[in-house]
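Thank you all for making the time this morning. I would like to walk you through one model, so please have the sequence and the coordinates open in front of you.

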Amino acid sequence: MKAVQFTDYGKISTNITISEIDKPTITKDEVLIETYAAGVNPLDIKVVEGQLKSVTKFKLPATLGYDVSGIIVKKGDNVTNFNIGDEVFSKVNIMGTFTEFVAVNKNLISLKPKNTTFKEAASLPLVGLTAIQALKRGKLKANDKILIHAGSGGVGAFAIQYAKTKGAYVYTTTSTDNVKWVKQLGADRVIDYKTEDYKSIVKNVDLVLDTLGNKYTEDAFKVIKTGGKVISLVGPVDKETANRMRLNIIIKLYLAWKRRKVTKQIKLKSAFYSLVFMRANAKQLNEIKALVESEKIKTTIDKVFELKDTLQALLYVKKGRTKGKVVIKTK
């Protein structure tokens, strides 16, 4: 079967290939999904460029992709909660969905929302789980005020809608071209970062969802209230997360040095800060399914590429100007 793989760490343009690999065999706890669509995420790009080598190393060549939707064509003996022929979607823990068939543990999948296409379903898992876990980490509740950066991106678009289901007041940032669309997602105040300075508009919010990192992580503390929260997807590793990762003392000291500016801001604002590493979660996939079926969450597909054009899809996502999600159509 065909699979999109990366052969070495470095530039995307020179390290992506389409390979012929064996169809996976499944264990007693797995299902074999015939892939109909796979979502493309910035995470795929970070993997190829080697930005995550310190966390995860792959045996090369390795198949890319974390999101999948498709049909179960085979199941293991211990799989009782799904049947052959079920339409499902999943975020896998071990990369490898840019291919024609993928083996997935029964505890990582959910039935596809009935009112979505396979392409729409494939756009949901990683961004949906990321947004849910981040806002749960920040304990977002009704009447809280939240700033969500990059509202037109995959995570941002989902997070806006999810925050509104919780009854929060949502500020978000986006470019001029996307202001109208992001308003339609439900954001209460859309800030055009090309013409407005969000720091002069957003004041004393309860929570900032930092999707941009670097200076944006530090500046988040300028707009939260005293005792507020900053939840980051790309910022420095916080002390609690470093301890949970069981890192050695040398690495912990290095990470403490890396977050020294954030640590200072935490003390000044009596704030809570956390870096979120998203984990696959079938229960939360079921929550996403229910939200989509009740039309509280809507999907937006920016572009669809064929499997053979995955390199172009990755390069397109790398530009950072997507409106919603980019998807690979495999069937």
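**Sheets, packing helices and a few backbone details**

Let me begin with K139, which counts as exposed because its relative accessibility is 61%, where exposed means over 50% relative accessible area, buried means under 20%, and partly exposed is in between, with a 1.4 Å probe and protein chains only. K139 is found in the loop between helix 4 and strand 9, and its phi is near 50°, a positive value in a residue other than glycine. When I speak of helices (H or I, at least four residues) and strands (E, at least two), I mean DSSP runs numbered from the N terminus.

Before going further, I should say that this is a predicted model, in which local features need pLDDT of at least 70 and side-chain atom pairs count only at pLDDT 80 or more, while totals for chains, interfaces and linings use all residues. Residues are numbered from 1 along each chain as its sequence is written, and side-chain values use heavy atoms, with hydrogens and water left out.

A second residue to set beside K139 is N214, where phi is near 55°, again a positive value in a residue other than glycine. N214 lies in the loop between strand 12 and helix 7, residues 215–223, and it is exposed, with a relative accessible area of 65%.

Both strand 9 and strand 12 belong to an open sheet of six strands, whose order is 11-10-9-12-13-14 with parallel pairing; two strands pair if DSSP finds at least two bridges between them. Strand 11 (189–192) and strand 14 (272–275) stand at the edges, each with a single partner strand, so one side of each is left without a neighbour in the sheet. From one strand to the next, the twist averages 15°, with axes taken as lines fitted to C-alpha atoms, for helices over the stretch in contact, and angles running from 0 to 180 degrees between N-to-C directions.

Two helices can be placed against this sheet. Helix 4, residues 125–137, packs on it and touches strand 9 (145–148), strand 12 (205–210), strand 13 (224–232) and strand 14, its direction making about 145° with that of strand 12; contact here means heavy atoms within 4.5 Å. Helix 10, residues 260–269, also packs on the sheet, touching strand 13 and strand 14, and its direction makes about 150° with that of strand 13.

At the strand 11 edge, strand 10 (residues 169–174) pairs with strand 11 in the parallel sense over four bridges, and T173 stands opposite I191 in strand 11.

What is the strand order in the open sheet of three strands? The order is 2-1-4, with antiparallel pairing. Strand 2 (16–20) and strand 4 are at the edges with a single partner strand each, so one side of each has no neighbour in the sheet. Strand 1, residues 2–6, and strand 4 pair in the antiparallel sense over two bridges, with F6 opposite A62 in strand 4. The loop between helix 2 (42–49) and strand 4 (62–63) holds P61, and the peptide bond from L60 to P61 is cis, with omega near -5°.

Finally, is T310 buried or exposed? At 1% relative accessibility, T310 counts as buried. T310 lies in helix 12, residues 310–318, and, leaving aside neighbours within four places in sequence, T310 is in contact with V4, F98 and I328.
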